[in-house]
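Here is a walk through one protein model, from the whole chain down to single residues. Keep the viewer open as you read.

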Amino acid sequence: MIPEENYDSVENRMQSVGLALEELLVTAQKQDCLTIGIYESAKLFNADPDSVVLCVLAADDEDDVALQIHFTLLQSFCCDSGITILRVSGLQRLQQLLGSVDANRNQEEHRDLHCMLVTNPQADHFRLQEVGTYCQESRRLDQWVPELVLQER
């Protein structure tokens, strides 16, 4: 339980990191440094795992067993490879940020935003550093896969 005087600072920190993550994902998408989708992510992990600097796993429904199995496998690979992992809820917000329809697919088919990989280790984006620091701090508090809630706007 978080003491009440620290609750506001924790909330502010999570909101700040959430905004940093949003900015990072949008920037990475614009710079073509964002891989979206579980299948596409698995292909990148197989081809070039060293290029991945952040793995974002997104789900609002914890009851989807198949998705949780995918997440477990991805988390294991990331832990073995030293890749920072962050679990988020707020798929609707991610769809707002990143676009819910892929131009190369049927307009009715939504993108798979359950797994996103940020690549390009040469990029020294300060938002990546902020998200990474949050993940490191969470791991020090025995939260091995840090979690974040993205707020709808």
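The protein chain exposes about 9,100 Å², and carbon and sulfur atoms supply 48% of that area. Accessible areas come from the Shrake-Rupley method with a 1.4 Å probe; for residues, only the protein chains shown count as cover. The model is predicted: local features need pLDDT of at least 70, side-chain atom pairs count only at pLDDT 80 or more, and totals for chains, interfaces and linings use all residues. Residues are numbered from 1 along each chain as its sequence is written, and side-chain values use heavy atoms, with hydrogens and water left out.

Of the 153 residues, 41% count as buried (under 20% relative accessible area; exposed is over 50%, partly exposed in between, with a 1.4 Å probe and protein chains only). Contacts in the chain (heavy atoms within 4.5 Å) reach far along the sequence. Among those with a separation of 6 or more, 79% join residues 24 or more positions apart.

The chain has five helices and five strands. Both are DSSP runs numbered from the N terminus: helices are H or I with at least four residues, strands E with at least two. From the N terminus on, the order is α-β-α-β-α-β-α-β-α-β.

Now the sheet. Its five strands follow the order 1-4-2-3-5, the sheet is open, and the pairing is mixed. Two strands pair if DSSP finds at least two bridges between them. Strand 1 (34-36) and strand 5 (147-149) stand at the edges with a single partner strand each, so one side of each lacks a neighbour in the sheet. From one strand to the next, the twist averages 25°. Axes are lines fitted to C-alpha atoms, for helices over the stretch in contact, and angles run from 0 to 180 degrees between N-to-C directions.

Look at strand 4 (residues 115-119). It runs antiparallel to strand 2 (residues 52-58), joined by five bridges. Leu-57 stands opposite Cys-115 there. Strand 1 also pairs with strand 4 in the antiparallel sense, over three bridges. Here Ile-36 has Met-116 as its bridge partner.

Is strand 4 covered on one face or both? Both. Cys-115, Leu-117 and Thr-119 are buried on one side, Met-116 and Val-118 on the other. Helix 2 (residues 38-47) lies across strand 1, strand 2 and strand 4, at about 40° to strand 4.

Leu-73, in helix 3 (residues 65-81), is exposed, with a relative accessible area of 58%.
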